[in-house]
Structures are given as C-alpha cells and as structure tokens.
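This report concerns the pairing of two protein chains and the charged contacts that accompany it. Please keep the sequence and the model in view while reading.

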Number of protein chains: 2
Amino acid sequence: MRLEGDRMKLYNTLTKKVEDFSTNEKGIVAMYTCGPTVYHFAHIGNLRTYIFEDILQKSLEYLGYEVKRVMNITDVGHMTSDGDTGEDKMQKGAEREHKTVYEIADFYTKAFMNDIDKLNIKLPGIVEKASDHIDTYIEMIQKLLEKDYAYQAGGNIYFDVSKFPNYYELSGKSGEDLLVGVREDVEEDKSKRNPADFGLWFTLSKFENQVMQWDSPWGRGYPGWHIECSGISYKYLGEYLDIHCGGVDNIFPHHTNEIAQSESFLGHKWCNYWCHGEHLNDNTGKMSKSKGEFLTLSLLESKGYEPLVYRLFCLNSHYRSQLVFSYEAIDATKNAYQKLLGRTAFIRDNRFGEKELDKIEKYEMEFKRALENDLNTANALTTLYDVLKSDCTNETKFCLIESFDRVLSLGLLKEEKLEYELEQYIETQIQKRNEAKKQKQYELADKIRSELLEKGIELKDGREGTTYTIKK
Amino acid sequence: MRLEGDRMKLYNTLTKKVEDFSTNEKGIVAMYTCGPTVYHFAHIGNLRTYIFEDILQKSLEYLGYEVKRVMNITDVGHMTSDGDTGEDKMQKGAEREHKTVYEIADFYTKAFMNDIDKLNIKLPGIVEKASDHIDTYIEMIQKLLEKDYAYQAGGNIYFDVSKFPNYYELSGKSGEDLLVGVREDVEEDKSKRNPADFGLWFTLSKFENQVMQWDSPWGRGYPGWHIECSGISYKYLGEYLDIHCGGVDNIFPHHTNEIAQSESFLGHKWCNYWCHGEHLNDNTGKMSKSKGEFLTLSLLESKGYEPLVYRLFCLNSHYRSQLVFSYEAIDATKNAYQKLLGRTAFIRDNRFGEKELDKIEKYEMEFKRALENDLNTANALTTLYDVLKSDCTNETKFCLIESFDRVLSLGLLKEEKLEYELEQYIETQIQKRNEAKKQKQYELADKIRSELLEKGIELKDGREGTTYTIKK
C-alpha cells in the first residue's frame with residue numbers, strides 16, 4: 001500500500017531498478033538491517049552503511065511512515081570468508097585479545113553503540129543478539145529439513161541451493177561467476193553436495209574451539225551466520241518484510257542465502273525491497289579490517305574531525321556511489337560543517353525582536369527559579385500556563401514551550417498528539433454549537449463559531465453536517 | 001564548585017535541610033540513581049521516583065550542568081525484606097511464573113525500559129546489571145575485610161555496623177527505632193554479631209535455590225543487594241559522588257548501608273547530596289507490590305490515561321510531598337493535559353504569516369522530493385543551503401533547519417556546538433580585521449566590522465585588544 005501523496009522511490013537490488021515504494025501494511029514499514037559482527041571496532045566504511053540506513057529510516061518517518069526496524073548483533077557463527085570457511089571471527093577476536101568471546105562481544109557491542117550514538121544514528125527499535133535466538137533457528141532448520149530444502153551431512157546441516165531456483169536472482173551472477181570468488185587458501189567443505197550449499201547448523205567442523213554452543217536435534221553445536229538474520233527478522237517482523245538493508249558486500253553470499261532459506265521456510269516471497277549501501281574506499285581500494293590497521297571513528301576524532309563531520313561527508317554523496325576517503329576531502333567537509341553551524345548560530349540568535357526577547361528572558365528566568373528551588377515543578381508548570389495566557393507572539397510562546405518541554409518532557413510538540421487534540425477540540429466545539437442551536441441559543445452558537453475563526457478554524461454548515469477547514 | 005549564576009538548591013536527606021548545590025568538579029554532576037529490581041512490573045508509585053530523577057537530571061542540564069548518570073538493574077541479591085531476610089525477590093518472581101531468573105530479569109528489564117520510554121524519561125547514560133560486576137563487589141568486600149569493617153561468620157561475610165560511627169546519620173533514627181521495623185515473620189540470621197549488621201556476600205543462607213552464583217574467596221555464592229550500588233557507582237563514577245537518589249523507602253536500610261560500606265572502603269566522605277522522592281499513596285495507603293494487585297502504567301493506559309498524563313500528574317506536586325492517587329485526580333490532569341496540547345497546537349499553527357508559510361511549504365517540498373528520489377541526500381543538503389541564502393526571515397530559516405535536521409541529524413541545533421562555532425567565527429574575523437589594519441587596508445577592516453555588526457556582534461577596540469558583545 002502507498003501513502004497518499006507518497007512518491008518515495010528506492011533502488012531495489014532485486015530488480016536492479018529504481019522502483020516506486022509501497023508497503024505491505026499501509027503506513028508501516030517493516031525494515032531489517034544487518035548489524036555488526038562484534039569482534040573488532042567498526043571502521044568508518046562499515047559506519048557509512050549505518051548512516052545510510054539511518055537516513056533511510058528517518059526519511060521514511062519524515063514522509064509519514066512508521067518504521068519498525070530490527071537489527072541483529074552477530075556474536076556467533078560468522079566466518080572470516082562470509083561463507084562456511086576460514087576462521088570464526090569472534091573466536092579470532094578472542095584469541096587476538098586473550099579474552100573470552102563473551103567479553104569480546106560485550107566490549108565491541110558497546111564500542112559500536114558508542115560510535116552510532118556519536119553519529120546521531122537512531123538505535124533501531126529492536127536490537128537482538130544472535131546468540132539469544134537459538135530456538136528460532138532450530139525451528140526454522142527443522143522445517144527446512146522436513147521440506148527437503150536442507151540435508152544432514154558430515155554431522156552438519158546444509159541448505160541445498162539446487163532446490164531453490166531463484167538462488168542467483170539477487171546477486172545477478174551465475175553459479176560459475178561466484179565460484180571464481182571462492183578463496184583458494186581455505187579447504188573446501190567435502191560434506192557439501194554442491195560447493196554453493198551453505199551451513200545452517202554446525203556440529204563438527206571447527207567445533208573444538210567454539211565456546212558458544214547449544215544443544216540441537218542434530219547434536220551440540222552452533223548456528224550458521226545467515227540463519228541468524230532470517231530468524232531474528234521472522235521472530236520480530238513476521239512473514240513479510242518491506243525493506244532489507246546492508247552493505248553491497250552482503251549481497252552475496254549473506255543476503256542471497258537469507259532469501260533462499262527464508263522463502264523456502266515461509267513458502268512465499270519474503271522481502272520486497274533490498275537496499276544496499278556502497279563501499280567507502282581509500283587510495284588503496286576498499287576499506288577493510290583484514291588489511292590490519294584501519295580507520296575508526298575514534299581515530300578520526302583524535303585527529304580533530306568530529307563524528308558529525310564524517311556524517312556530513314557521507315551525506316554529500318549518494319549512498320549507491322563509491323566514496324573515496326581522503327584527508328583533503330574531509331578537511332573540506334569540516335570547513336563546510338563549521339560554516340553551517342556558524343550560520344545557524346546567527347540565525348538562531350536573531351530570531352526575535354528586542355521586545356519579545358525581553359519576554360523570553362523573563363519567563364525563562366521564572367522557569368529556572370522554580371526548578372532551582374528544590375525542583376518546584378508545580379511553579380514551573382505555572383510559568384508555562386502564564387506564557388500561554390500572556391501577550392507574547394505565538395512564535396515566542398512556541399519557543400518557550402519548546403524550551404520548557406526539554407525539562408518537563410510532556411511531549412507537547414509531538415506532531416501526532418497535537419493533530420489529534422486539535423481534532424478532538426474542534427469536534428467538541430462543533431457539538432457544543434449544534435447543541436446551542438438546538439436550544440435556540442444563537443448568541444452562544446455564534447460565539448463558538450467566531451472563537452474558532454479567531455484561531456484559524458473556519459466552520460461550514462452543509463447538508464452532511466458541519467465541516468471545517470484550518471488555515472495554517 | 002558552583003556554576004556562575006547558579007542558584008540551585010536541593011533538599012539533602014543527610015542534613016535534613018535545603019542546601020545550595022555545588023559539585024566536586026565544576027559543571028559536572030556525578031549522579032547515581034538506584035534502579036529497579038526486575039522481578040515484576042513497576043507500579044506507578046515506583047515510576048514516580050524515576051520521573052523525579054529525570055526532572056532532576058534535566059533541570060541540572062537546563063541550568064548548564066553536564067550530568068553523568070549511572071543506574072543499576074538489580075537482578076540478584078535483593079530480599080523481600082530489603083534486608084537479609086525473607087525470600088529472594090528474583091527467585092520468587094521465577095517461581096511465580098515458572099521461568100528461570102534470567103528470563104524473569106530479561107522480561108522485566110524490557111518492561112521497565114518500555115515504561116520509562118513512555119514516560120519520556122531519558123535513560124541514564126550508563127545502565128548496568130548487578131550481575132555483571134561481581135569482580136568489583138569482591139574487590140570491595142576484600143578491602144572491607146582487610147580494614148576490619150567486615151567479618152566472616154556462618155560462611156557469609158557481614159558488615160559490622162558498630163565500626164561505622166555515623167551509621168544512623170542518613171535515616172536520623174536510633175538503632176532501637178529501627179529494630180522496631182524488623183519483621184517478626186522472618187527468622188533472624190544468628191550468624192550476625194549485631195542484628196543491624198548486613199550481608200556483603202552469602203554462601204550458605206538460602207543458597208540451595210539460588211541459581212545465580214559465582215566463585216569468591218569465601219566460596220561460591222552471591223553478593224548482598226547493597227554492595228551492588230556501591231560497586232557500580234564506584235566503578236563508573238569513581239570515589240566522589242555529587243548526588244545519590246532513590247525513593248524514601250531506600251533511606252533505610254539500603255542507602256544507610258551503602259554509605260557505611262562505601263565510606264569504609266574509600267576512607268573518606270562519599271556523596272554530598274542524598275535526594276529522595278516521596279511515596280505515592282492510594283486510599284489504602286502506600287502503593288506496594290506485596291499487596292497483590294497493583295497499578296501499572298499499562299493498566300492506566302488500558303483505562304484511557306496515557307503515560308504522559310501520569311507524568312503531568314506527578315509534576316503537579318512536589319517530589320517530597322506524599323501524593324495520593326485517585327481516578328478523580330487523574331481525570332482532572334487528563335483534562336488539563338488535553339487543553340495544554342490543544343492550546344499548543346493552535347500556537348504552533350499560527351506562528352507564521354502567509355508569505356512565510358508559502359516559503360516553508362516550498363522548501364519542505366524540495367527537501368522531500370530530494371529524499372523521495374532514492375535518498376538524494378546531496379540535493380537535500382542543497383535545499384538546506386538554499387534556505388540559508390534565501391530571503392526568508394530568520395524565524396522561517398530556523399524552523400526549516402530544525403525540520404531538515406530531524407532527517408539529516410547533523411546536530412545543527414545543539415547549543416554547545418553553536419556557541420563554540422560562533423566564538424571561533426568571531427575570533428577569526430577579529431584576527432582578519434587586525435591583519436587588515438596592520439596592512440593599512442582600512443576599508444577591508446571596516447567592512448569586517450560592519451558585517452559583524454549586521455549580525456548583531458559589536459566589536460570594541462580597547463587597550464587589551466578587541467572584545468565583542470553579542471546582542472541576542
């Protein structure tokens with residue numbers, strides 16, 4: 001369904017086209033975004049993806065949608081190859097720092113939260129650790145086995161990609177193309193029927209070092225990386241997703257495998273829009289953690305670039321363009337950001353005429369005095385009511401309400417609340433007026449009408465009853 | 001240290017007086033607030049305390065302080081008596097619902113977070129689970145044993161209150177007074193030297209059912225409730241606290257015991273201001289969970305009272321007054337709240353003249369079109385720059401910057417940022433002007449001066465160099 005007046009268009013990796021956006025449920029977007037694997041700090045290229053997803057969420061909200069967004073924190077099952085080979089990323093992090101995987105997960109989850117907070121990224125409504133939902137993965141894998149999409153071999157459970165005809169749709173590549181990408185330095189898993197098959201549950205391979213392990217119908221073990229996102233998405237957003245996001249490096253194998261297992265499990269199409277953010281490059285190519293030293297937000301900060309300068313740097317480019325990081329480029333952005341703030345400061349400081357400024361100062365002082373007096377909130381509220389009754393301009397009143405509500409936090413400026421209350425009020429006034437007319441109290445009826453008109457609300461009496469228009 | 005122009009006054013339970021407020025570190029408040037024991041839903045009386053603490057934090061921030069606030073989540077060690085007797089609250093919750101204590105903790109933590117979010121309570125910067133800091137408690141208890149403030153008896157470790165002369169200072173009661181409060185239905189702990197002593201670490205008593213348990217130098221066991229807050233506060237806020245908050249029921253024994261153990265451990269005074277919120281009563285007396293049925297925020301909501309109505313209800317009274325809940329009273333608040341919102345809606349809708357409104361609409365449309373076009377953030381930024389260059393009034397510009405920054409999230413309206421950039425800008429202009437004067441480019445120097453004046457900044461040349469004043 002589309003919102004009235006909605007013209008949102010999004011590039012969909014699935015169809016390789018910019019498409020009109022519509023949702024399964026009117027006005028509500030079910031959005032899943034892949035979260036970090038918490039084995040190390042995020043580099044600023046990783047963070048670019050989260051900035052893109054944040055802008056997507058906030059743009060949708062700005063356009064009137066309610067966004068239900070879910071993100072996972074991967075603390076188990078992610079191999080260095082993104083497939084089933086290589087080392088376990090969490091395990092590798094733990095060895096590197098001589099800590100337990102739990103300590104590693106905890107530390108880097110906090111570091112990640114800290115980064116996104118500094119970038120003014122809104123935390124998704126639901127953030128879930130992969131290791132907290134083992135039951136859900138087991139339930140899904142069982143059904144995939146029953147439906148014959150999965151098989152047991154060498155002690156592990158694999159998804160059989162030959163059973164899922166659209167396996168290569170998202171990546172747009174053929175099976176041979178993808179095999180070229182398989183690393184030669186890792187041993188191939190001989191248990192698989194087809195090299196493209198991927199693991200859903202592991203009990204044997206690389207198991208001896210795996211600290212996180214759970215019981216399952218197939219023996220003690222741990223889940224594959226891909227099933228985590230399918231599972232958490234299913235648990236919190238149900239059978240139909242509107243948008244699934246990630247970085248372009250997630251297209252294959254991660255999102256490709258998610259589609260295969262989720263749609264096989266559900267028996268129908270799962271997600272309508274797949275949106276991917278492009279890489280950040282430096283002069284040596286794609287930013288990556290495997291290269292050793294990498295650029296974190298803290299490192300940027302220590303060099304005098306505050307996080308929001310990096311946010312602006314990202315917003316200056318389109319999320320689907322590769323972006324090249326250089327200190328010259330970020331210097332220019334820093335400059336632009338400072339100018340922007342300076343300009344905003346002037347504008348803010350010159351909003352009001354002197355007379356109104358005096359009033360603002362007076363009421364703000366009253367409000368402060370109330371709070372300073374051992375938190376006299378009742379008096380602080382009285383100041384608010386005094387403002388509403390005062391001869392201040394509406395602009396001044398609005399500014400003071402805003403200022404006071406930073407402390408009172410009564411949600412006085414929440415759009416939906418105001419709209420709703422306004423409607424309620426007008427409806428009540430119309431009813432009162434109708435009642436007055438019925439009782440032949442025409443003077444009262446006229447008074448109600450003109451009071452509303454003064455407030456910018458015009459009533460019209462028609463055959464269907466009284467309607468109104470609001471002049472904004 | 002006090003802030004310039006600061007007149008904050010707070011009632012201090014420790015001195016039983018309203019006192020001038022000052023902090024250990026200038027401009028920074030180290031604030032610890034006791035969090036919930038997550039064994040059941042919070043009742044609205046519990047929530048009153050969190051509203052009070054939220055207003056305290058936000059008032060301090062409004063007055064210019066930075067508040068470092070820490071809160072614990074108690075998931076282990078809290079007995080039904082608040083002392084060392086009775087049942088373990090978490091255990092009791094788990095038995096009641098046939099779940100594990102971990103499931104109980106997880107579920108009721110989320111429920112709590114949900115409640116405070118609905119009440120527009122800002123989550124403290126640091127929120128820590130009691131069970132995550134066992135090492136810290138052990139470190140403190142070891143030192144208390146070394147310093148002879150604690151003793152081992154019957155397998156447990158107790159704090160010896162006879163060693164701490166000011167033990168009754170906070171509560172202002174004598175030892176005999178307090179003994180009257182001890183419940184008769186629970187068996188006294190015979191291991192204690194003095195009935196007022198309290199447990200720091202338990203290994204034996206009521207141990208068989210205790211699921212959460214850890215190794216310690218005194219055997220496997222679990223920490224006492226009081227040491228949790230002392231430990232978490234010490235770990236995150238260091239040796240000196242400015243404010244410690246809670247409900248009045250925390251004064252004894254919880255905060256009394258915290259002071260005893262923290263000051264004995266630290267060897268100096270710990271916290272300067274102790275602030276306590278009063279109870280919420282209903283017509284049967286103090287609201288409490290032990291009475292069986294109790295009033296939650298969700299229950300209030302289901303009866304048609306939205307959470308912020310309850311917030312307003314609390315703010316109408318002083319936090320140190322007992323407040324009586326009744327449906328008549330909350331109905332009146334609901335009414336007042338609706339009027340407040342309606343009034344605000346009118347003010348908001350009548351802020352701008354028609355000409356400016358047209359401009360706002362035009363630029364907002366441009367901004368939306370950019371975002372709708374597959375998130376063209378570069379164009380969205382161009383719209384922002386266009387606004388800044390336009391002939392809109394400052395008020396209109398400010399309103400648009402505000403609106404756009406909801407999506408861009410560049411922190412454009414953050415007070416400190418703006419102040420800082422403004423200063424930087426003026427300083428740079430002054431330097432440029434001085435340079436121009438040195439080079440005898442008087443025309444340029446005058447131009448810089450008059451440009452600043454146009455922006456409301458007046459330069460004054462004096463013996464000490466150039467100073468400026470900003471007309472707001």
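The text below treats the interface, the symmetry, one residue of helix α13, and the salt bridges.

The model is predicted: local features require pLDDT of at least 70 and side-chain atom pairs count only at pLDDT 80 or more, while totals for chains, interfaces and linings use all residues. Residues are numbered from 1 along each chain as its sequence is written, chains are lettered from A and ligands numbered from 1 in the order in which they are written, and side-chain values use heavy atoms, with hydrogens and water left out.

**The interface**

Chain A and chain B each bring 90 residues to their contact, where contact means heavy atoms within 4.5 Å. The area buried between them is about 8,300 Å², and carbon and sulfur atoms give 61% of this; buried area is the accessible area (1.4 Å probe) that two parts lose on being put together, summed over both. On the side of chain B, the residues losing the most area to chain A are B:Tyr62, B:Asp374 and B:Leu375, together 10% of what that side buries.

The interface holds 36 residue pairs in polar contact, both residues being at pLDDT 80 or more. A polar contact is a pair of N or O atoms within 3.5 Å; within protein, one must be able to donate a hydrogen and the other to accept it, and residues adjacent in sequence count only if both atoms are side-chain atoms. Among the elements of chain B that each supply at least two residues to the side touching chain A are β1 (9-12), α1 (44-62) and α10 (327-349). Helix α10(B) gives the most, with 13 residues. Helices (H or I, at least four residues) and strands (E, at least two) are DSSP runs, numbered from the N terminus.

**Symmetry**

A turn of 180 degrees and a shift of 0.1 Å along the axis lay chain B on chain A with an RMSD of 0.2 Å, superposed by least squares on the C-alpha atoms of residues with pLDDT of at least 70 in both. The two copies are therefore related as by a two-fold rotation axis. In chain B, the C-alpha nearest the axis belongs to B:Glu395, at 4.2 Å. The same surface serves both copies, since 100% of the contact residues of chain B recur in chain A.

**B:Val407**

B:Val407 lies in helix α13 of chain B. The residue is buried, at 0% relative accessible area; buried means under 20%, exposed over 50%, and partly exposed in between (1.4 Å probe, protein chains only). Beyond its neighbours within four places in sequence, B:Val407 contacts residues including A:Ile55, A:Tyr62, B:Phe367 and B:Leu371.

**Salt bridges**

A salt bridge is a side-chain nitrogen of Lys or Arg within 4 Å of a carboxyl oxygen of Asp or Glu. The count is 54 over all chains, and 6 cross the interface of chain B and chain A. Four examples follow.

| Basic residue | Acidic residue | N to O distance |
|---|---|---|
| B:Arg320 | A:Asp374 | 2.6 Å |
| A:Lys163 | A:Asp160 | 3.7 Å |
| B:Lys163 | B:Asp148 | 3.4 Å |
| B:Arg433 | B:Asp461 | 2.8 Å |

The pair B:Arg433 and B:Asp461 joins helix α14 to strand β15 (residues 457-462), 28 residues apart. B:Arg433 is buried at 4% relative accessibility, whereas B:Asp461 is partly exposed at 42%. In chain A, salt bridges that share partners join A:Asp148, A:Asp160, A:Lys163 and A:Arg193 into one network.
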